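Reader: I am new to this structure and would like a close look at a single part of it, the place where protein and DNA meet. Please take me through that part slowly, and then show me what else deserves a look.

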There are 2 protein chains.
Amino acid sequence: MTDPAGPRATPTPPTSAAVARRAGVSRATVSYVLNGQAAGRVGERAQARVRAAAEELGYVPHAAARSLRAGRGSIVLLAAPADTVPVFGPLLTRFLAGFQTALHALGYTGVLHGAPAASPLAAARAWAELRPAAVLTLHGPPLDEPAVALLRRAGTAAVLTHGPVAPPGAHTLLLDQREAGLRAGAHLLAGGRRRIGVVLPAEPGLAAYAEPRLAGVRAAAAAHPDAEVRPLDLALTEESAARLAAAWPRLNLDAVFAYNDEYAMLLMRALQDAGHTIGVRSPGEVAVVGADDLLLGRLLRPRLTSVRAEITPPERIAGLVDELVRSPGTPPATHRLGTFRVAARDSG
Amino acid sequence: MTDPAGPRATPTPPTSAAVARRAGVSRATVSYVLNGQAAGRVGERAQARVRAAAEELGYVPHAAARSLRAGRGSIVLLAAPADTVPVFGPLLTRFLAGFQTALHALGYTGVLHGAPAASPLAAARAWAELRPAAVLTLHGPPLDEPAVALLRRAGTAAVLTHGPVAPPGAHTLLLDQREAGLRAGAHLLAGGRRRIGVVLPAEPGLAAYAEPRLAGVRAAAAAHPDAEVRPLDLALTEESAARLAAAWPRLNLDAVFAYNDEYAMLLMRALQDAGHTIGVRSPGEVAVVGADDLLLGRLLRPRLTSVRAEITPPERIAGLVDELVRSPGTPPATHRLGTFRVAARDSG
DNA sequence: CGCTACCACTGACACGTGTAACGTCGCTCG
DNA sequence: CGAGCGACGTTACACGTGTCAGTGGTAGCG
């Protein structure tokens with residue numbers, strides 16, 4: 001373990017004891033000063049000396065030691081199985097940035113960890129090792145019961161998971177995917193469409209989203225006795241889209257709600273290439289509605305109609321997390337993560 | 001701090017001492033067994049008892065205590081200023097997923113942290129608190145000298161930062177953006193184009209990439225005395241693209257290399273809407289080359305030509321990190337993160 | 001002058017873990 | 001029979017931090 005090659009390979013980070021020695025005070029005094037507990041306990045001069053010493057040595061407190069002592073850590077873990085990370089859309093990444101900033105302001109360290117998806121329990125173990133103050137999932141398969149139990153047992157004060165309903169002990173972050181389908185379906189039905197295809201992505205991580213969206217469309221269609229809803233499988237490749245477009249005449253549909261703007265654009269282009277017309281002006285056209293309202297959806301012609309999630313401001317969620325961490329007895333509840341709205345354009 | 005509302009709010013996580021009590025052995029024995037150091041020290045029966053007890057209690061080691069004892073932590077920090085996180089493209093997120101999995105296999109915990117961008121030094125402080133085994137940046141403004149010094153002083157064994165050249169003490173991860181420009185420029189020149197516009201994104205975080213790409217195009221043009229290269233500003237909005245398209249005739253260009261497929265598509269659509277033709281078949285057409293080779297680039301017509309980065313497999317980078325962590329004396333060097341290649345399609 | 005109150009600090013402990021050093025058996029060999 | 005020796009465990013310390021309980025010393029007050 002001792003490496004003769006390294007000259008002074010790891011020059012031992014400065015500790016609070018080093019700061020104390022340099023400032024000529026005790027270690028306790030250093031701690032009080034650097035944590036703002038010095039009022040009425042430590043004189044001005046001593047405080048100044050401590051601060052100067054800390055600055056000169058480049059002292060940075062050791063988070064591990066601190067959270068060991070404090071009993072609870074200060075890190076907030078945004079957990080995501082590794083294979084779902086690539087799926088992160090611009091919406092989520094934008095939220096993520098704001099969230100981490102907000103957490104920082106509250107004294108936490110927000111961190112994103114994509115564990116290997118092999119076993120969800122193994123992932124939870126890896127997360128539990130960090131003894132995070134809170135764990136949230138926004139994406140991918142939600143935490144299951146054993147995972148939540150493990151985390152709770154490891155002292156995690158707040159566990160929040162997305163999905164329709166969280167296992168016992170965990171709070172629910174609700175971005176009701178059903179609502180997305182409901183809005184899209186209602187929009188298409190109001191436009192006179194009755195035979196609606198719903199694109200289900202073939203990518204495995206996304207089924208958890210696609211199912212409730214499909215259910216939402218079905219719920220919207222229930223109000224119209226003559227409406228018909230049919231699921232369609234589509235992978236994110238040109239070949240897959242071409243296959244679906246080739247089969248289109250047999251399907252006898254007049255509208256599609258795609259899982260995503262990307263899927264929508266892919267399919268729309270394939271339909272156009274197969275000779276179909278996209279839009280809602282005449283009954284012969286195919287109406288297409290996507291989701292996420294990507295900028296690129298406006299580049300195709302006609303412009304893509306899209307269901308957009310309006311996410312709760314990240315500061316609000318950060319505040320919620322803080323609250324839950326500080327009063328860990330709070331009974332689990334459901335918290336809205338956002339709502340959906342249709343951005344109507346030309347395609348549907 | 002004591003919360004009367006919480007019944008048994010935090011049921012104190014099980015420690016190795018609890019496992020030891022339950023198994024009827026000492027704490028040291030537990031440690032040996034659970035870390036695989038039991039060969040020849042602990043009998044089979046005792047090992048079995050320890051493992052069973054750990055399982056029953058749901059014991060998970062406390063990473064903070066462990067890294068406190070070990071001196072160095074096991075977390076590998078992927079650092080990114082918060083405002084650059086939304087810019088993560090599919091390439092990087094895909095890399096990220098594989099990287100975290102590979103790190104996990106090597107015994108590290110890979111974690112992504114977007115610190116508030118306010119002060120780069122403050123961000124480095126936040127990172128240093130975690131005493132990570134390694135810190136890398138792939139994106140955004142690279143680490144500067146004080147940040148690297150702070151991290152090194154905090155005991156971080158390996159600091160790797162992207163960008164043309166790393167500050168002293170840090171390794172360089174090279175994804176040579178100049179090369180992207182070089183390839184795109186060479187491709188356009190080989191296709192007969194001579195007056196090349198280069199799109200510089202108005203978004204602030206991206207200047208660090210855009211500059212060297214521009215330089216690369218200039219370098220490619222240097223071989224042709226009659227070639228001309230002109231920078232163009234463009235924001236990622238339809239209005240900005242329309243403005244640029246309106247000014248197009250005055251610019252007298254016959255090709256564009258855009259920062260990104262997104263920028264490329266945006267501009268391409270705006271040019272088309274302004275009556276220009278995209279392609280390379282006739283001299284009157286405008287050749288467009290993007291970057292990143294997004295699937296969506298193939299949906300527009302003509303299909304978008306693109307410069308694609310071929311990123312080093314994440315396992316390789318993870319192995320490199322492990323190597324550097326284990327022999328911290330290694331003098332800083334430059335490591336290739338990938339190379340660029342042109343995916344030629346119809347637009348340029 | 002005695003008592004209290006306050007100030008400016010310090011000593012010491014606990015948090016959970018890994019591991020080097022140190023027993024304690026039971027057995028074998030000289 | 002004692003010494004030596006594996007096999008099997010344990011005792012004890014260190015890591016860096018936060019904070020409770022003191023501890024002198026000085027000043028205020030009756």
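Author: A polar side-chain atom of A:Arg27 lies 2.5 Å from a base oxygen of DNA strand D, a polar contact in the sense used here, that is, a pair of N or O atoms within 3.5 Å, where within protein one must be able to donate a hydrogen and the other to accept it, and residues adjacent in sequence count only if both atoms are side-chain atoms. The model is a predicted one, in which local features need pLDDT of at least 70 and side-chain atom pairs count only at pLDDT 80 or more, while totals for chains, interfaces and linings use all residues. Residues are numbered from 1 along each chain as its sequence is written, chains are lettered from A and ligands numbered from 1 in the order in which they are written, and side-chain values use heavy atoms, with hydrogens and water left out.

The bases of DNA strand D are also approached by A:Arg69, which has a side-chain N or O atom 2.7 Å from a base nitrogen of that strand, whereas A:Asn35 places a polar side-chain atom 3.3 Å from a phosphate oxygen of DNA strand D. Around DNA strand D there are 24 residues, of which A:Ser16, A:Arg27, A:Tyr59, A:Arg69 and B:Gly43 come nearest; a residue is near a strand if one of its heavy atoms lies within 4 Å of it. Of the atoms of DNA strand D that come within 4 Å of the protein, 54% belong to sugar and phosphate.

At least two residues of this surface come from each of α2 (27-34) and α4 (63-70) of chain A and α2 (27-34) and α4 (63-70) of chain B, where helices are DSSP runs of H or I with at least four residues, strands are runs of E with at least two, and both are numbered from the N terminus. The largest share, four residues, is that of α2(A). Sorted by class, the surface near DNA strand D holds 11 nonpolar, eight polar and five charged residues, with Ala, Val, Leu, Ile, Met, Phe, Trp, Tyr, Cys and Pro counted as nonpolar, Asp, Glu, Lys and Arg as charged, and the others, Gly among them, as polar.

Turning to DNA strand C, one finds 26 residues surrounding it, and the closest are A:Ser26, B:Ser16, B:Arg27, B:Tyr59 and B:Arg69. Sugar or phosphate accounts for 51% of the atoms of DNA strand C within 4 Å of the protein, and bases for the rest. A:Arg69 has a side-chain N or O atom 3.4 Å from a base nitrogen of DNA strand C, B:Tyr32 has a polar side-chain atom 3.1 Å from a base nitrogen of DNA strand C, and the side chain of B:Ser31 brings an N or O atom to 3.1 Å from a phosphate oxygen of that strand. Two or more residues of the surface near DNA strand C are given by each of α2 and α4 of chain A and α2 and α4 of chain B. By class, this surface has 11 nonpolar, eight polar and seven charged residues.

B:Tyr32 has a further neighbour, since B:Arg41 lies over the face of its ring at 4.3 Å from the ring centre; a charge sits over a ring if NZ of Lys or CZ of Arg is within 6 Å of the ring centre and within 35 degrees of the ring normal. In chain A, the charged end of A:Arg41 sits over the ring of A:Tyr32, 4.2 Å from its centre.

Beyond the DNA, the whole structure holds four aromatic pairs over all chains. One of them is formed by B:Phe95 and B:Phe99, which are stacked at 5.5 Å centre to centre with 15° between the planes; rings of Phe, Tyr and Trp (its six-membered ring) pair if their centres lie within 6.5 Å, and planes under 30 degrees apart count as stacked, over 60 as edge-to-face and the rest as tilted. Both residues lie in helix α5 (residues 90-105) of chain B, four residues apart, about one turn of the helix. B:Phe95 counts as buried because its relative accessibility is 6%, and B:Phe99 is buried at 0%, where buried means under 20% relative accessible area, exposed over 50% and partly exposed in between (1.4 Å probe, protein chains only).
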